[in-house]
Amino acid sequence: MGPSQAGSCPHRRMTREEAGRLPQVLTRVGASHGITDQACKLRFYDDWAPEYDQDVAALKYRAPCLAVDCLSRALSGAPHDALILDVACGTGLVAVELQARGFLQVHGVDGSPEMLKQAQARGLYHRLSLCTLGQEPLPDPEGTFDAVIMVGALSEGQVPCSAIPELLRVTKPGGLLCLTTRSNPSNLPYKEALEATFDSLEQAGAWQCLVAQPVEHWELGTSEQETGLGTCANDGFISGIIYLYRKQERSQGEGERPSVPAPVEH
């Protein structure tokens with residue numbers, strides 16, 4: 001599938017207020033990208049929670065809309081029947097997009113208590129749980145969800161690649177997993193390790209890749225390091241990618257998880 005630029009998630013014109021705060025936002029987001037320790041990153045998100053939504057709006061951040069579009073096209077059956085887990089749900093931007101498309105049974109988990117407070121205030125989740133993925137298991141039995149979605153948390157210092165099998169564990173056999181990451185130069189080492197993990201799981205028969213959709217205009221870059229060369233050609237945006245996988249139809253043995261070779265953990 002070729003790079004996505006518009007679809008049902010078109011670029012929105014920046015307001016005067018957003019333009020005025022953009023330098024501050026770029027500094028804050030750039031600092032976020034530079035934090036590689038998970039505990040430090042979670043504290044950063046706790047402090048950021050009250051202003052997170054307006055900051056990512058200023059960045060023209062389209063990932064929640066694009067990812068939910070990708071997932072909704074692949075899910076069969078009535079949207080209101082699907083049970084969906086929003087992992088690293090943050091303030092609930094993915095739930096907003098899911099509700100707009102008729103998906104009403106949504107659970108959320110996040111490692112930041114303050115982000116969860118913002119998500120709770122939206123009133124869109126049936127259940128919200130505090131969970132630091134990579135350090136503890138998800139609070140759900142095996143094969144619970146029709147779909148699992150994680151947007152914006154697959155990068156250094158957030159969710160480690162070694163946590164991907166845990167997402168598979170809670171997905172129903174035949175269920176879908178929609179995941180995203182940035183593909184700009186500073187995130188490439190993580191992206192390469194992530195894709196190695198994905199490939200190992202696919203070779204083991206745990207899931208099948210349905211979509212790997214590059215997106216040229218993911219969000220505004222925060223620095224030359226973020227955007228790399230050719231910034232003018234891409235209007236100052238960094239790129240990203242959406243992955244969609246289907247879990248194998250037959251579930252693994254009770255308590256058994258697909259193994260991931262140690263060298264690809266990141």
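What follows is a walk through the fold, the cores and a few individual residues of a predicted model.

Confidence comes first. The protein chain has an average pLDDT of 88, and 85% of its residues score at least 70. Two stretches fall well short of that. Residues 1-6 have a pLDDT below 50, and in the model this stretch makes 20 contacts beyond near neighbours in sequence. For residues 251-266 the pLDDT is likewise below 50, with 32 contacts in the model beyond near neighbours in sequence. Where pLDDT is low, the predicted coordinates are not something to read in detail, so the contacts of residues 1-6 and of residues 251-266 are best left as plain counts here.

On the overall layout, the protein chain contains nine helices and seven strands. It runs to 266 residues, and 51% of them count as buried. Take the contacts between residues at least 6 apart in sequence: 74% of these link residues at least 24 apart.

Strand S5, residues 171-182, is a handy place to start on the strands. Of its 12 residues, 10 are buried, which leaves the strand mostly covered. One of its pairings is with strand S4 (residues 145-150): the two are parallel and share five bridges. Within that pairing, Phe145 has Thr171 of S5 as its bridge partner. To get from S4 to S5 the chain passes through helix H7 (residues 164-170), and this β-α-β crossover is right-handed. S5 also pairs with strand S7, residues 237-247, this time antiparallel and over seven bridges. In that pairing, Arg182 sits opposite Gly240 of S7.

Val170 belongs to helix H7. Its relative accessible area is 0%, so it counts as buried. Setting aside neighbours within four places in sequence, Val170 touches Leu85, Leu138, Asp140, Pro141, Glu142, Gly143, Thr144, Phe145 and Val148. One of these, Asp140, is 30 residues away from Val170 in sequence, yet the two C-alpha atoms are 6.4 Å apart in space. Phe145, also on the contact list of Val170, is the residue whose bridge partner in S5 is Thr171.

Then there are the nonpolar cores. In soluble globular proteins, nonpolar side chains tend to be buried together. The largest nonpolar core here has 46 residues, and Leu71, Ile84 and Ile149 are the ones touching the most other members. Helix H4, spanning residues 63-74, is the top contributor to this core, with seven residues. A separate core of 31 residues lies apart from it, including Cys131, Leu138, Cys161 and Leu201. Leu138, from that second core, is also one of the contacts of Val170.

Back in the largest core, Ile84 has a long list of partners outside its neighbours within four places in sequence: Leu75, Leu98, Phe103, Gln105, Val106, His107, Phe145, Ala147 and Ile149. Phe145 thus turns up in contact with Ile84 as well as with Val170.

Finally, a polar residue on the inside. Asp55 is part of helix H3, residues 52-58. With a relative accessible area of 1%, Asp55 falls under the 20% cut-off and is therefore buried. What does the side chain of Asp55 make a polar contact with? The partner is the side chain of Arg28, at 2.6 Å. Beyond neighbours within four places in sequence, Asp55 is in contact with Arg21, Val25, Arg28 and Trp48.

Technical notes:
Residues numbered from 1 in each chain as written. Predicted model: local features only at pLDDT ≥ 70, side-chain atom pairs only at ≥ 80, totals over all residues. Heavy atoms only, no water. Buried < 20%, exposed > 50% of the residue type's maximum accessible area, 1.4 Å probe, protein only. Helix = DSSP H or I, 4+ residues; strand = E, 2+ residues; numbered from the N terminus. Pairing = 2+ DSSP bridges. Right-handed = clockwise from strand over helix to strand, strands pointing away. pLDDT = per-residue confidence, 0-100. Contact = heavy atoms within 4.5 Å. Polar contact = N/O pair within 3.5 Å; in protein donor to acceptor, adjacent residues only side chain to side chain. Core = buried A, V, L, I, M, F, W, Y, C linked by side-chain atoms within 4.5 Å.
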